Amino acid sequence: MNTERLERYPSIPEAERRLAEDLIDWRGSDPVAAFAAYFRERKKAPPPATALSLDERLARYIVEGSRDGLIDDLNAKLREAAPLAIINGPLMRGMDEVGRLFNDNQLIVAEVLQSAEAMKAAVAHLEPFMEKAASATRGTIVLATVKGDVHDIGKNLVEIILSNNGYRVINLGIKVPPEELIAAYHTHKPDAFGLSGLLVKSAQQMVVTAQDLRVAAIDIPLFVGGAALTKKFAATRIAAEYGGLTLYAKDAMAGLDLANQLFSAPTRETLVARVRREQAALAATTSATLERAPAAPELAPPRPLERVVVPAPPDLERHVLRDVPLIHLYPYLNLQMLYGKHLGIRGLVERLLEAGDPKVLEVHEIVEELKRDAVVRGLLHAHGAYRWYRARAAGDTVALFDASGREAATFEFPRQKDGERLCLADYVRDDTDDYLALFAVTCGAGVRELASAWKDQGEYVRSHALQALAIECAEAFAEMLHSRLRTLWGFPDPPELPISEKLKAHYQGIRVSFGYPACPNLADQATLFGLLEPETFGLSLTEGFMMDPEASVSALVFHHSAAKYFKAD
Ligand code: B1M
């Protein structure tokens, strides 16, 4: 099926959309009859390209992410306009329309990337005709993932979106220390910085970076984004340390929208005033909350948990799994994350797939092809290690002992300040030997390099989808391995339990990862790495306790039947 021929949702007439949705959601007295009657009569009438002006056709190629006829029409346009006028004219109008349709929930991330591919192809065709001096930039932005962080997928999406909307983007990559940013400032004279990071620790590194940039007397606008970053943190912690304007962007398109407002004179002042006003308000509420912070409540004693029978693991050896077949991981893929969070499908993915929703089928086609390629061409490699340790709790601490009985490590876990006052140590016996399993898995080997190569070749959809597939394969590997450990540990899931229920954690025991709310101390990753030595299969830890490559997961596995997921703070 050539997805490029699929008509774009926005260009389907309103009446036809309603008839189709009535059918899918079974609305109205007889949606089938209504649908059939209409289409029996209707002549397919999207405005044929010939009915459109040359400029309208050029903009539509971008909106539809189609390159069919694009080059011919560009050559026709070159006979009447300069390359720069074409880029800043119909082509950029197309990208602006893409931004509007995305914000109006009519286009998804995957489609925006297809439009960016068409834009890249168009600009690449026009470049040879442009005077060397001619440049089409709305502004220059230096983009980087902060020191200690290897987060790439978010930053790369930002680069693709900005660079195909008229911005010159200098992508410094990952683990970028402040001094390198300062050097890039003097080299490239950018109009703004864009900092990215995945973890809370990276948000804290953004504060340090902002301080260092101010000391270096740099005050160009500073965009910040990242999964664990919040608008409040950006306002009260980063902006407070930076001399220039700090702008929080929740996603790439929000980043584009802010940049467009910032770099065009009519909207700049309004934006700056609005951002400063919002940040002042956030800072005010934060300090008020701090002043009002109630005195710590009298802590109720934690409710002792039932002492369960300790299941014995098969051994205490270190197990290394190399090149686990991807087809063993694929059934554990969380499609809601892969198709929804990463590729932009809005709604329940499983249900939309069953209903044959055209957009989800388009994404399904892309993902299925990539999954096949990953197996056939060895694009992804799944490696991991796991090991059980004898364990014993003491208060909020759990000590691990190796096979010779020597203490191998201790973990101190936070206890909830109120409510059930839970602590992970409660799930380990303190009166007799118990066991804990640890593992670390990765599917990221070579992904950054390959995704970057595809991105540079303008294959944006496959580049982003590859990083997303690697990430979700790492999560799938964790899910599959956890299931296998339960079986080996003697409490297998009921054979009839579907994977979809496992993805909802409907099994005995829990799997927690350092950095998550029950065990937020990321530095414990170093202890885990000391025990499992994942470096032997190419998985290392940065100075920020982030795992490199990016598509990696580490975890502790508890067997206690009363164990549940909770927030410690
Ligand atoms: Co995990 N993870 N994760 N994770 N993960 C978080 C971030 C977490 C908040 C979950 C939680 O606690 N509930 C938590 C961090 C908490 C903390 O900091 N302490 C967490 C943790 C702890 C971890 C691990 C440490 C767990 C472990 O294994 N021990 C581990 C670390 C991995 C490593 O070290 N390599 C880990 C692993 C992973 C996966 C690999 C499985 C996976 C991918 C991570 C990734 O994206 N690289 C993952 C995921 C998917 C998440 C969540 C669920 C989603 C993150 C996401 O959306 N990524 C996240 C929880 C959550 O946020 N709901 C969580 C997709 C990416 C495209 O979005 O990075 O936000 P994002 O980038 C966006 C915007 O931020 C913005 O635009 C981008 C594109 O739209 N933006 C900018 C970013 N930079 C910008 C710069 C700009 C403008 C806009 O400049 C102009």
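Which helices and strands each supply at least two residues of the shell around the ligand? In this predicted model, the elements that do so are α7 (153–163), β3 (192–196), β4 (222–225), α14 (335–342), α18 (460–488) and β14 (552–558). Of these, α7 gives the most to the shell, with four residues. The shell around the ligand comprises 39 residues, among which His-151, Ser-196, Val-200, Met-547 and Glu-550 come nearest to the ligand. Sorted by class, this shell has 22 nonpolar residues, together with twelve polar and five charged ones.

Polar backbone atoms also approach the ligand at several positions. An oxygen atom of the ligand lies 2.7 Å from a polar backbone atom of Met-547, and a backbone N or O atom of Gly-226 is found 2.9 Å from an oxygen atom of the ligand. For Gly-225, the polar backbone atom is 3.5 Å from a ligand atom that is a nitrogen.

The nonpolar interior was examined next. The largest nonpolar core holds 110 residues, and within this core Leu-91, Leu-329, Tyr-339, Leu-380, Phe-439 and Phe-477 touch the most other members. Helix α18 provides the largest share of this core, 16 residues, and α18 is also one of the elements that each supply at least two residues of the shell around the ligand. A second core, separate from the largest one, consists of 35 residues and includes Ala-385, Ala-425, Ala-440 and Leu-532. The surroundings of Leu-91 illustrate the packing in the largest core: when neighbours within four places in sequence are left aside, Leu-91 is in contact with Leu-58, Ile-62, Leu-74, Ile-86, Met-119, Ala-122 and Leu-126.

Side chains of opposite charge can pair when their charged atoms come close. In the present model, the count comes to 38 salt bridges. One of them joins the side chains of Glu-117 and Arg-67, with an N to O distance of 3.1 Å. This pair links distant parts of the chain, since Glu-117 belongs to helix α6 (residues 109–126) whereas Arg-67 is placed in the loop between α3 (54–64) and α4 (70–78), 50 residues apart. The two partners are set in unlike surroundings, because Glu-117, at 11% relative accessibility, counts as buried, while Arg-67, at 39%, counts as partly exposed.

A second salt bridge is formed by the side chains of Asp-430 and Arg-307, which meet at 2.8 Å, N to O. Here too the pair links distant parts of the chain, with Asp-430 in the loop between β9 (407–412) and β10 (434–442) and Arg-307 in the loop between α12 (265–292) and β6 (319–321), 123 residues apart. Asp-430 has a relative accessibility of 42% and therefore counts as partly exposed. The loop between β9 and β10 also contains both Arg-415 and Asp-426, so that their pairing ties together parts that are eleven residues apart in sequence. In this salt bridge the closest N and O atoms are 2.7 Å apart, and Arg-415 is buried, with a relative accessible area of 15%. Beyond these pairs, Asp-152, Lys-155, Lys-175, Arg-448 and Asp-548 are linked in a network of salt bridges.

A further approach between separate parts of the chain concerns Glu-64, which is found in helix α3. Glu-64 and Gln-114 are 50 residues apart in sequence, and their C-alpha atoms are 7.9 Å apart in space. With a relative accessibility of 22%, Glu-64 counts as partly exposed.

Methods. Residues numbered from 1 in each chain as written. Predicted model: local features only at pLDDT ≥ 70, side-chain atom pairs only at ≥ 80, totals over all residues. Heavy atoms only, no water. Near = heavy atom within 4 Å. Polar contact = N/O pair within 3.5 Å; in protein donor to acceptor, adjacent residues only side chain to side chain. Nonpolar A, V, L, I, M, F, W, Y, C, P; charged D, E, K, R; others polar. Core = buried A, V, L, I, M, F, W, Y, C linked by side-chain atoms within 4.5 Å. Buried < 20%, exposed > 50% of the residue type's maximum accessible area, 1.4 Å probe, protein only. Contact = heavy atoms within 4.5 Å. Salt bridge = Lys/Arg side-chain N within 4 Å of Asp/Glu carboxyl O.
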